[in-house]
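Trainee: I would like to learn how to read a model of this kind, going from single residues to the way the elements pack. Could we take one feature at a time?

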Amino acid sequence: MPAKILGDPQGRLTKKVQDTLLAKGITSEIISPDVLELTEDWRTNGAVDYRTDYEAHNQMLPLIYIDGGCYDFKQAMEKYGDSGVIWKVIIPSPAVCSKVIAVAIKDDVIQRVLFSGGCDGNSKCIDRLLYGTSVQMAKHLLGDITCGDKGTSCGRELAGGL
């Protein structure tokens, strides 16, 4: 099943989203909003105007177009992802570098953590280290971490969103 992903220019979250969809047998293509041209093929796949969709979803990238429908990440994973996995999408404080954090939870255990924006290496570390951790333990581990003088951090924002 083909899909198109309207992602952020860095492609960090969107590459992980692409891998997640591929694991479900959904082939996908990432299209950055700054280079997207509205071709007839794009319109027929569910997008009339990507700017409208982008604003309608409160800029919660990526937007995913599958079978003529437009979904934000959480909606797409609920429809096409593993059963029993709940995706929590967190919009962190503007004080941190991450713009969106998506967490897959099954039976109160973290399965995946995806970040859009922020430090790519740290994002990968958090994802890897939290795999198999209970939500309560993740909140305990990350809840008091700050970044510089910001008074918060991507980890703290993740903990607060859980």
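Trainee: Leaving aside its neighbours within four places in sequence, which residues is Ser 98 in contact with?

Mentor: Please keep in mind that the model is predicted. Once neighbours within four places in sequence are set aside, the contacts of Ser 98 are Pro 92, Phe 115, Ser 116, Gly 117, Gly 118 and Cys 154. Ser 98 itself lies in strand S6, and with a relative accessible area of 1% it is buried.

Trainee: Is Ile 86 buried or exposed?

Mentor: The cut-off matters here, since a residue counts as exposed over 50% relative accessible area and as buried under 20%. Ile 86, which has its place in strand S5, counts as exposed because its relative accessibility is 56%. Apart from neighbours within four places in sequence, Ile 86 is nevertheless in contact with Val 103, Ala 104 and Ile 105, and its C-alpha atom is separated by 6.3 Å from that of Lys 106, 20 residues apart along the chain.

Trainee: And how should I read a residue in a loop, for instance Thr 133, which is placed between H5 and H6?

Mentor: The same cut-off can be applied, and Thr 133 counts as buried because its relative accessibility is 13%. Leaving aside neighbours within four places in sequence, the residues in contact with Thr 133 are Asp 108, Val 109, Ile 110 and Ala 138.

Trainee: Which residues of helix H6 are buried?

Mentor: In helix H6, which spans residues 135-142, the buried residues are Val 135, Ala 138 and Leu 142. Viewed down the axis of H6, these buried residues fall within an arc of 60°, so they line one face of the helix. Gln 136 and His 140, on the other side of H6, are exposed. The cover over the buried residues of H6 includes strand S6 (98-106), strand S7 (109-117), helix H5 (120-130) and helix H7 (154-161).

Trainee: How, then, is the packing of two helices described?

Mentor: In general, two packed helices are described by the angle between their axes and the distance between the axes. For H6 and H7 the angle is about 140° and the axes are 8 Å apart, while the crossing is left-handed. On the H6 side the contact is made by Ala 138, Lys 139 and Leu 142, and on the H7 side by Gly 155, Arg 156, Leu 158 and Ala 159.

Trainee: What should I look for when I turn to the nonpolar cores?

Mentor: In soluble globular proteins, nonpolar side chains tend to be buried together. Here the largest nonpolar core has 19 residues, of which Val 17, Leu 21, Ile 64, Ile 66, Phe 73 and Trp 87 touch the most other members. The elements giving two or more residues to this core are strand S1 (2-6), helix H1 (12-23), strand S3 (63-66), helix H4 (73-80), strand S5 (86-90) and S6, and the largest share, 4 residues, comes from H4. A second, separate core of 17 residues includes Val 103, Ala 138, Leu 142 and Leu 162.

Trainee: How many helices and strands does the protein have?

Mentor: There are 7 helices and 7 strands, and along the sequence they follow the pattern β-α-β-α-α-β-β-α-β-β-β-α-α-α. Of the 162 residues of the protein, 47% count as buried, and the accessible surface comes to about 8400 Å², with 51% of that area belonging to carbon and sulfur atoms.

Notes: Residues numbered from 1 in each chain as written. Predicted model: local features only at pLDDT ≥ 70, side-chain atom pairs only at ≥ 80, totals over all residues. Heavy atoms only, no water. Buried < 20%, exposed > 50% of the residue type's maximum accessible area, 1.4 Å probe, protein only. Arc of directions from axis to C-beta. Contact = heavy atoms within 4.5 Å. Areas by Shrake-Rupley, 256 points an atom, 1.4 Å probe, with all protein chains shown as cover. Core = buried A, V, L, I, M, F, W, Y, C linked by side-chain atoms within 4.5 Å. Axes fitted to C-alpha atoms, helices over the stretch in contact; angles between N-to-C directions. Left-handed = near helix turned anticlockwise from the far one by under 90°.
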